[in-house]
Amino acid sequence: LHFYPGLGKQIRRVRPDLVHVDEEPYNLATAQALWLARRARARGLFFSWQNIQRRYPLPFRLLERYVLGHADRGIVGSQESAGVWRAKGYTGPLAVIPQFGVDPQVFCPQPREADPHLKVGYVGRLVEEKGVDLLLAALAGLEGGWRASILGRGPEREALGAEAGRLGIADSVTFASHVPSVEMPSHYQSLDVVVLPSRTRANWKEQFGRVLVEAMACGLPVVGSDSGEIPHVVGDAGLIFPEGGVDSL
């Protein structure tokens, strides 16, 4: 329900040709900015990450209807988001422009010494929908020597540690809550493969998976579930498994 009290004054001062609203179509701020843009005879466009088709309560449903009926253009961060807004009736030009990138001078492959163990990594929140428990179960069935690094914080940390113990793999799994951002490239470069085993929920599915592009920029193969945008992000640079499928993973 937030909006920008001084936006009308700014638009009158700048007299823009284009107003880009970096807000979802159901937000009050989006409807406000598009209404002000039309009043100033400027083109207006929205941006969206929303990749689950939802029916919103009033007044958001009316705000969304106004935006979809009056936006000149739309930008979305994923293929799945584009599908949502097409299904909701938006017929104008719609561009898919992912919003996450990496610096290839920083996130890049580096030579390292050979290691007899396969080093598997996960980076992200330790929450149920990220599927780290599935990764632990898959590792428990993995033949050969391996080591796993789980990097992240979240409410599932204690349960995941207990699960690693129950599966008999605690000695092979390392948990760390934090690595400084400047050290993330070297963290990726220490691994052999990065896994993102996300599982879709009624109110969430993977919108992008930034760790995937960071890992790929470091030359790593990636393994991801088919939740949300993951298959589109990975393309032919890794492997996709059906979400929830421990044996496939």
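1. In this predicted model, the buried residues of helix α3 pack against α2 (28-39), β2 and α4 (79-87). The residues concerned, in a helix that spans residues 60-70, are Leu-63, Glu-64, Val-67 and Leu-68. They cover an arc of only 130° around the axis, which puts them on the same side of α3. Such a pattern fits the geometry of an α-helix, where there are 3.6 residues a turn, so that residues three or four places apart point the same way. On the other side of α3, by contrast, Arg-65 and Gly-69 are exposed.

2. Strand β2, which runs over residues 43-48, includes Ser-48, and this serine counts as buried because its relative accessibility is 0%. Its side chain makes a polar contact with the side chain of Trp-85, at 2.8 Å. Leaving aside residues up to four places away in sequence, Ser-48 touches Glu-24, Pro-25, Ile-75, Val-76, Gly-77, Ser-81 and Trp-85.

3. Some backbone details deserve a check, since most residues other than glycine have a negative phi, and most peptide bonds are trans. Leu-58 and Pro-59 are joined by a cis peptide bond, with omega about 5°, and Pro-59 is found in the loop between β2 and α3.

4. Arg-15, although not a glycine, has a positive phi of about 55°; it sits in the loop between α1 (7-14) and β1 (18-21) and counts as exposed at 68% relative accessibility. Arg-41 also has a positive phi, near 60°, and lies in the loop between α2 and β2, where Arg-41 is exposed with a relative accessible area of 81%.

Definitions and conventions: Residues numbered from 1 in each chain as written. Predicted model: local features only at pLDDT ≥ 70, side-chain atom pairs only at ≥ 80, totals over all residues. Heavy atoms only, no water. Helix = DSSP H or I, 4+ residues; strand = E, 2+ residues; numbered from the N terminus. Buried < 20%, exposed > 50% of the residue type's maximum accessible area, 1.4 Å probe, protein only. Polar contact = N/O pair within 3.5 Å; in protein donor to acceptor, adjacent residues only side chain to side chain. Contact = heavy atoms within 4.5 Å. Arc of directions from axis to C-beta.
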